[in-house]
Amino acid sequence: MAAKSLKVAVQMDPMETVNINGDSTFVLMLEAQARGHQLWHYLVEDLTYDQGQVRTRARPVTVRREEGNHFTFGDEQTINLKEDIDVILMRQDPPFDMAYITATHLLDLVHPETLVVNNPTEVRNAPEKLFVTQFLDLMPPTMITRNEDEVKAFREKHGEIIVKPLYGNGGAGVFHLRENDSNLGSLMEMFLGLNREPVMVQKFLPDVVGGDKRIVLIDGEPAGAVNRIPAKGEIRSNLVAGGEAAKSVLTEREQEICARLGPELKKRGLIFVGIDVIGDWLTEINVTSPTGLQSINAFDGVKLEADIWKAIEGKVS
C-alpha cells in the first residue's frame with residue numbers, strides 16, 4: 001500500500017477494447033488500484049481547454065482480471081486535470097499524428113503539477129523512430145526521406161532493406177524489399193500518396209529471424225526483456241502481427257545500449273520506455289504507449305507494473 005492514495009486519470013483507448021491478458025495499461029491500472037489509488041478513465045477526445053484550464057469528462061473505474069467483466073464505470077463527471085488529479089497516465093495507442101501531438105500540448109499545461117507519465121513534452125519530442133537517430137552508433141544504417149532516388153541508392157549500397165511508415169505502430173505497413181525487388185517504385189508511390197510524411201528505410205537485419213527483443217526500462221534502468229519471434233514467412237515480430245513471445249535475458253551489447261540510453265531517458269522524464277533491439281542494433285525507442293509488461297512478468301516471475309508505480313510515487317512525493 002502506498003503511503004498516500006493518489007488520484008489517477010488514465011488517458012487511453014476504450015475499456016471495451018482492452019485485452020486483459022496482454023495489455024500493459026490494464027496491469028498498471030490493477031496495480032494502482034491494489035496500492036489504494038483512485039482511478040478515472042477518459043478518452044483523448046474528451047479533453048477540453050478553457051481559459052487556462054484543462055478538463056475532461058471522465059468516469060471513475062474499477063478493474064478486475066475477469067474476462068468479459070474486467071471493468072466497472074461510475075457516473076461520468078468533469079474533472080480539472082491540474083486541480084483534481086495527482087497522476088495522468090498517457091496511454092492512448094498511436095498513430096502519432098496531430099491529434100496525439102495536440103494532446104501532449106494540452107497535458108503540458110498541467111505537468112508537472114500533475115505528473116504526466118510519460119512527460120508530454122518529451123513524448124512529443126521523441127517519436128519512436130526519430131528519437132533513435134540521436135544514437136547513431138547504436139542503430140543500423142538508416143535513411144528518412146520521401147525521395148525515391150535516395151531510397152534506390154540506399155538499397156544499392158546496403159542490399160536488402162526494410163521500408164516502413166515513420167509514425168506507424170504495431171508492425172503495420174512494414175515491407176521487406178530484396179535487392180532485385182521490382183516493387184520499390186509502387187511501394188514509394190503508395191506511401192507518398194497516403195500522407196506528406198517521409199518513410200524510414202533501414203538495412204535489413206537477418207538476425208530478425210531469431211527475434212526482435214523488447215526491453216523495458218523504468219526511470220532509465222533496464223527492468224526486463226521479452227524476445228518476439230516472427231511467424232514463419234514473416235519478418236514482423238510484433239505480437240499483434242503474429243509474433244511469438246519467448247523468454248529472454250539481456251546480452252552484453254543490450255546492457256551497453258541500456259546504459260547509453262538510461263541517463264537520457266531519466267533526464268527527460270520518460271519513466272516507462274520500451275526499446276526494440278534486433279541482433280546488436282537498436283531499432284526503436286517506444287515512449288508513447290509502450291507494451292510488454294505482461295509477457296515479461298509471465299516469463300520472469302516479476303511484477304514490473306509495481307516497479308513503475310514505485311517510480312511514479314517517488315516522483316509525486
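Colleague: Happy to look at this with you! Which strand holds proline 222?
Modeller: This is a predicted model, in which local features need pLDDT of at least 70, side-chain atom pairs count only at pLDDT 80 or more, and totals for chains, interfaces and linings use all residues. Residues are numbered from 1 along each chain as its sequence is written, and side-chain values use heavy atoms, leaving out hydrogens and water. Strands (E, at least two residues) and helices (H or I, at least four) are DSSP runs numbered from the N terminus. Proline 222 lies in residues 221-229, which form strand E14.

Colleague: What is the relative accessible area of proline 222?
Modeller: Buried means under 20%, exposed over 50%, and partly exposed in between, with a 1.4 Å probe and protein chains only. Proline 222 counts as partly exposed because its relative accessible area is 38%.

Colleague: Which residues does proline 222 contact, leaving aside neighbours within four places in sequence?
Modeller: Contact means heavy atoms within 4.5 Å. With those neighbours set aside, the partners of proline 222 are Val216, Leu217, Leu250 and Cys258.

Colleague: Nice. Which element supplies the largest share of the largest nonpolar core?
Modeller: Such a core is a set of buried Ala, Val, Leu, Ile, Met, Phe, Trp, Tyr and Cys residues joined through side-chain atoms within 4.5 Å. Of its 40 residues, Leu81, Ile88, Ile275, Leu282 and Ile285 touch the most other members. Elements supplying at least two residues each include strand E7 (87-90), helix H7 (252-267) and helix H2 (98-108). The largest share, five residues, comes from H2.
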